[in-house]
Amino acid sequence: MRITRTLRVLTLVTLLGLITTTYGVGVATADPDTAHVTSIDKLTDQHWVINVYSPAMDSVEALDVLVPADRSVPAPTLYALNGAGQGILKDSGWFEATDIVDFFADKQVNVVSPRGGNFSYYADWIADDPELGRNKWETFLTEELPPVIDAELGTSGVNSIMGMSMSASSSLFLAAASGDLYQGVASFSGCARTTDEIGYQYMKLVVETRGKGKLANMWGERDNPLWAEHDMYLNADKLRGKTIYLSSRTGLPGKFDNNDNVRLNGDQPYDLADQIVLGGGIEVATGLCTRQIAARLTELGIPAVTDLEEPGSHSWSYWEQDMRKAWPTLAASMGVSA
């Protein structure tokens, strides 16, 4: 008896459906209008680069991702945001300037760190910038990316977030703005004030002086309500219920301010004098901001772990130390052992 082509096709479809149902084998087709993984490059068994399409930015964003050695049990996810110039300035960024890969190798946690977002404050900008492009990072980090990471890595669905310098304030307002998405937050050497003069001038230094962008493209002119909405001193109560870690140094020369540790936020060329004078001055300002937010949290009865009295400058050796010091707090927020 002759078997028709239609019958053969139907038989093949039935068999494929049976195999998929029985063995869990299938091919997912990504919706081009939603966030999705475009490719994965496994640098090592635990260090991957995952590329994710963002509809909000209409771009593919590369992410450094660390996965735990034991993936048989779903693990939580720590989002690690970078500072200004990551990927542009030499030796700048968690994966370039610290031992983050080795530190988390034996930890039961996924770590996700965007390679992009330079000079953006990881915010949703109201206008595209001629120099810095389209920035919709708040949407990407709170709405688009987490479900993609959860599905791709089989996570526990529990998240925390940390940032340094520029992204220290970003980590706080992202944690506050996203409901219960992030259980814990760590802020290292940041300025959570966006409406006072020190905070505004610091942001102008990052976005305009260093990034060559236009700060008004972020949240408009200074009377735009978006500036107050992102000021975490004014909105500190939105951090209630989060596990919080805050750190900054005094700006005085510390134990890493020597010729063996010249790591001033990736700026080139620089020397020890730059790290002590420029880095020290920046850290004085971020220290003031961090003490203000810490005091405000105390006034509101919101607990926070703080590390604010150590001398030191605005540089990567200290943020590597901050990562290690903050880990027990972040681990507790996600329900894993440190």
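**Sheet, cores and salt bridges in a predicted model**

Biologist: What is the strand order of the open sheet of 9 strands?

Modeller: The sheet is open and its pairing is mixed. Strands are DSSP runs of E with at least two residues, helices are runs of H or I with at least four, and both are numbered from the N terminus. Two strands pair if DSSP finds at least two bridges between them. The order is β1-β2-β3-β5-β4-β6-β7-β8-β9.

Biologist: Which are the edge strands?

Modeller: An edge strand here pairs on one side only. The edge strands are β1 (36-42) and β9 (305-307).

Biologist: What does the twist average from one strand to the next?

Modeller: Axes are lines fitted to C-alpha atoms, for helices over the stretch in contact, and angles run from 0 to 180 degrees between N-to-C directions. From one strand to the next, the twist averages 20°.

Biologist: What are the ground rules for this model?

Modeller: The model is predicted: local features need pLDDT of at least 70, side-chain atom pairs count only at pLDDT 80 or more, and totals for chains, interfaces and linings use all residues. Residues are numbered from 1 along each chain as its sequence is written, and side-chain values use heavy atoms, with hydrogens and water left out.

Biologist: Which residue in β5 does Val65 stand opposite?

Modeller: Strands β3 (residues 59-66) and β5 (residues 110-114) run antiparallel. They are joined by 4 bridges. Opposite Val65 stands Val112.

Biologist: At about what angle to β7 does helix α10 run?

Modeller: Helix α10 (residues 316-334) lies across β4 (77-80), β6, β7, β8 and β9. Helix α5 (residues 166-177) lies across β6 (159-164), β7 (182-188) and β8 (243-247), running at about 160° to β7. For α10, the angle to β7 is about 160°.

Biologist: Which helix gives the most to the largest nonpolar core?

Modeller: A nonpolar core is a set of buried Ala, Val, Leu, Ile, Met, Phe, Trp, Tyr and Cys residues joined through side-chain atoms within 4.5 Å. The largest has 58 residues, of which Leu141, Leu145 and Met218 touch the most other members. With 7 residues, the top contributor is helix α4 (residues 137-153).

Biologist: Is Thr286 buried or exposed?

Modeller: Thr286 lies in helix α9 (residues 272-299). Its side chain makes a polar contact (N or O atoms within 3.5 Å, one able to donate a hydrogen and the other to accept it; residues adjacent in sequence count only if both atoms are side-chain atoms) with the side chain of Ser248, at 3.1 Å. Buried means under 20% relative accessible area, exposed over 50%, partly exposed in between (1.4 Å probe, protein chains only). At 1% relative accessibility, Thr286 is buried.

Biologist: Which residue meets Arg115 in a salt bridge?

Modeller: A salt bridge is a side-chain nitrogen of Lys or Arg within 4 Å of a carboxyl oxygen of Asp or Glu. Arg115 sits in the loop between β5 and α4, 51 residues from its partner in strand β3. Arg115 is partly exposed at 35%, whereas the partner is buried at 5%. At 2.9 Å, N to O, the partner is Asp64.

Biologist: Which residue in strand β9 does Lys325 tie to helix α10?

Modeller: Lys325 lies in helix α10 and its partner in strand β9, so the pair ties together parts 18 residues apart in sequence. The closest N and O atoms are 3.0 Å apart. Lys325 is partly exposed at 36%, and the partner is buried at 17%. That partner is Asp307.

Technical notes. Contact = heavy atoms within 4.5 Å.
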